[in-house]
2 protein chains.
Amino acid sequence: MLDVCLLGTGGMMPLPHRALTSLMVRYNGSSMLIDCGEGTQVAIKRQGWSFKPIDIICFTHFHADHISGLPGLLLTIGNAERTEPLLMVGPKRLEKVVNSLRVIAPELPFEIKFKELSDEEESFSWGDVKVDAFRLNHNVTCYGYSLSLDRAGKFDIEKARSQNIPMEYWNPLQKGSIIETENGIYTPDMVLGPSRKGIKLTYCTDTRPVSNIEKHAKGSDLFICEGMYGEPDKQQKAVEHKHMTMREAAEIAKTADVGEMWLTHYSPSMVRPSQYIDDIKKIFPRTVAAKDLTDTVLNFQD
Amino acid sequence: MLDVCLLGTGGMMPLPHRALTSLMVRYNGSSMLIDCGEGTQVAIKRQGWSFKPIDIICFTHFHADHISGLPGLLLTIGNAERTEPLLMVGPKRLEKVVNSLRVIAPELPFEIKFKELSDEEESFSWGDVKVDAFRLNHNVTCYGYSLSLDRAGKFDIEKARSQNIPMEYWNPLQKGSIIETENGIYTPDMVLGPSRKGIKLTYCTDTRPVSNIEKHAKGSDLFICEGMYGEPDKQQKAVEHKHMTMREAAEIAKTADVGEMWLTHYSPSMVRPSQYIDDIKKIFPRTVAAKDLTDTVLNFQD
């Protein structure tokens, strides 16, 4: 139900086979982007996904490797004939930064709306998807994002019958409608069993490990997390630059007990991130050293 | 002597195998860039050339496909530990546009100097290379650039002897020094034969055909020119969007009698620019449908 593609996995500067950081998620005809480094629009073309349905772009922070691809992307979305407003979400100064970059993309056929985050945690909706933004710990204000899609319980025919709910209301109630009649109000919980496990995706870069990450990653089917450094001797560098090692990411994944973890946002000095994975899997076995265009579909479990 | 590489050959938007417009030229340990679309820094890495010696960046104009790669490139040049000033050249508003883009690259270890062009034609020096900027005809102010490297005449031993020039001055005079002595002033022309053919490179995009181009392309060993459209039925579109067809570019190359022409700045709608080349060669045989990383070395002849 959530179509997920890591468009770029590079931190700091792009490499020939590693575009800068960006994630694209598709749900129900709408697309969301988180971060938009240089190379994002080419990666979307490579993946064969469309520009026009991009309804929302979230930014973790405004370092160039997370936003440098924005002006070109906006022009390309415009060329795809989008006219509906596009929402941008990110830390304070978002509107100022975006408008400054738009010196080379001043005319667009769609409006840009801005939602600037200021609290430690903030929630908003992307259609049926609940988005939780939460503060990270980088050298500038930075947010992680969790996307949650709830799933209602199964239709419980015995429950519906036992409450004498007229059969004509069963289907709309199952689909979530509330029905008011002369005999009273019928709500979906009257015909549904207990809620079932939904889908959750958490994305988190650039940051030191903080408890906020575990809290929000908890229960995620997919946890996408920076693994800036794989080399054991880069721990001090990670602390200094307010980044994370692969090892630290794996410790978080383990505590949060996520379904799978994809590492991303690699240092350009790290030529083959996968070479460290065997050691990292000893901490958290379901770790993947993601590459550009690593993708998956997150479905409701049956 | 001039090391030339077309980093990107795309107009408007980048494609998976076609970065946006940029040319890099190396001479005598120094590098010049003309235009810097998205993907420029990755193309430089692909070509294996260095960031630190980029001393000068010229812009034809400020449409995003010619400048969107700048903020990332500046950060990468900074990461290459450049501390010497970098000169930027371009139409009026250059400093404003660059500073606006630098909202995501505010801190650099080198100074940026600006030279804003306002006349129809302006000349300046890049070391021994003379650069001529000349006005084109696009829907915003746009300049083409010619790079010329002069070549002095051969040392003429008979000429030196006949004027009784002391032998100790022959070598410095040949190298271009002027020597003042009690017996008079000696100048290089006193020991050199007639000037020999130098090297000339002309770069020209985005524009309608104008006489200024022929004038400056004249005598170029290499003429790099936009060939936005190859399809015969795109003539009207070229006029409307103030671009050139391959055919129009070839007519200019023919009149200017250049050594070779590379076409570039292709419309993203044109999947295989080379498919039109046979027809274009009927107008100007020494035409190349350049691709990303097409390169050459322009040497003095013989």
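Reader: Where in chain B does B:Glu81 lie?

Author: Look in the loop between helix 2 (70–79) and strand 5 (86–91) of chain B. Keep in mind that you are looking at a predicted model.

Reader: Why is B:Glu81 called exposed?

Author: A residue counts as exposed when its relative accessible area is over 50%. B:Glu81 has 61% relative accessibility, so it is exposed.

Reader: What makes the phi of B:Glu81 worth pointing out?

Author: Its phi is near 70°, a positive value in a residue other than glycine. You meet B:Glu81 following helix 2 of chain B.

Reader: Which other residue of chain B has a positive phi although it is not a glycine?

Author: Try B:Arg93, with a phi of about 85°. B:Arg93 sits in the loop between strand 5 and helix 3 (94–101) of chain B.

Reader: Why is B:Arg93 called partly exposed?

Author: The label "partly exposed" covers what falls between the buried limit of 20% and the exposed limit of 50%. The relative accessible area of B:Arg93 is 43%, so that label fits.

Reader: And how do you know that B:Pro106 counts as exposed?

Author: Use the cut-off of over 50% again. B:Pro106 has 53% relative accessibility and therefore counts as exposed. You can find B:Pro106 in the loop between helix 3 and strand 6 of chain B.

Reader: How many residues separate B:Pro106 and B:Asp119 in sequence?

Author: They are 13 residues apart in sequence, and 30 Å apart in space from C-alpha to C-alpha.

Reader: What makes helix 2 of chain B "mostly covered"?

Author: Buried means under 20% relative accessible area, and 8 of the 10 residues in helix 2 of chain B are buried. Among them are B:Leu70, B:Leu73, B:Leu74 and B:Ile77.

Reader: What do these buried residues of helix 2 of chain B pack against?

Author: Their neighbours in chain B are strand 3 (30–34), helix 1 (40–47), strand 4 (54–58), strand 5, helix 3 and strand 6 (112–117).

Reader: Why are helix 1 of chain B and helix 2 of chain B called oblique to each other?

Author: Start with the angle: these two helices of chain B pack at about 45°, with their axes 8 Å apart. Roughly parallel needs an angle under 35 degrees, and roughly perpendicular runs from 65 to 115. An angle of about 45° is in neither range, so helix 1 and helix 2 of chain B are oblique.

Reader: Which residues make that contact?

Author: From helix 1 of chain B come B:Gln41, B:Ile44 and B:Lys45, and from helix 2 of chain B come B:Gly72, B:Leu73 and B:Thr76. These contact residues divide into 2 nonpolar, 3 polar and 1 charged.

Reader: What makes strand 7 (121–126) and strand 15 (287–289) of chain B edge strands?

Author: Each of them pairs on one side only. They belong to an open sheet of 7 strands in chain B, in the order 7-8-9-12-13-14-15, with mixed pairing. From one strand to the next, the twist averages 20°.

Reader: How do you know that strand 12 of chain B and strand 13 (residues 222–226) of chain B pair?

Author: Pairing takes at least two bridges. Strand 12 and strand 13 of chain B have 4 bridges, in the parallel sense, so they pair. In this picture B:Cys204 stands opposite B:Cys225 of strand 13 of chain B.

Reader: Which peptide bond of chain B is cis?

Author: The one joining B:Thr205 and B:Asp206, where omega is about -5°. B:Asp206 is in the loop between strand 12 (196–204) and helix 6 (211–217) of chain B. In chain A, the bond from A:Thr205 to A:Asp206 is cis, with omega near -5°.

Reader: What makes strand 8 (residues 129–135) of chain A mostly covered?

Author: 5 of its 7 residues are buried. Strand 8 of chain A runs antiparallel to strand 7 (residues 121–126) of chain A, joined by 6 bridges. In the hairpin of these two strands, A:Gly127 takes a positive phi near 60°.

Reader: How do you know that the radius of gyration of chain A agrees with a compact globule?

Author: With 302 residues, a compact globule would have a radius near 19 Å, and chain A has 21 Å, which agrees. Buried residues make up 57% of chain A.

Methods: Residues are numbered from 1 along each chain as its sequence is written. Chains are lettered from A and ligands numbered from 1 in the order in which they are written. This is a predicted model: local features need pLDDT of at least 70, side-chain atom pairs count only at pLDDT 80 or more; totals for chains, interfaces and linings use all residues. Side-chain values use heavy atoms; hydrogens and water are left out. Buried means under 20% relative accessible area, exposed over 50%, partly exposed in between (1.4 Å probe, protein chains only). Contact means heavy atoms within 4.5 Å. Axes are lines fitted to C-alpha atoms, for helices over the stretch in contact, and angles run from 0 to 180 degrees between N-to-C directions. Angles under 35 degrees count as roughly parallel, over 145 as roughly antiparallel, 65 to 115 as roughly perpendicular and the rest as oblique. Ala, Val, Leu, Ile, Met, Phe, Trp, Tyr, Cys and Pro count as nonpolar, Asp, Glu, Lys and Arg as charged, and the others, Gly among them, as polar. The radius of gyration is taken over C-alpha atoms; the globule rule is 2.2 Å times the number of residues to the power 0.38.
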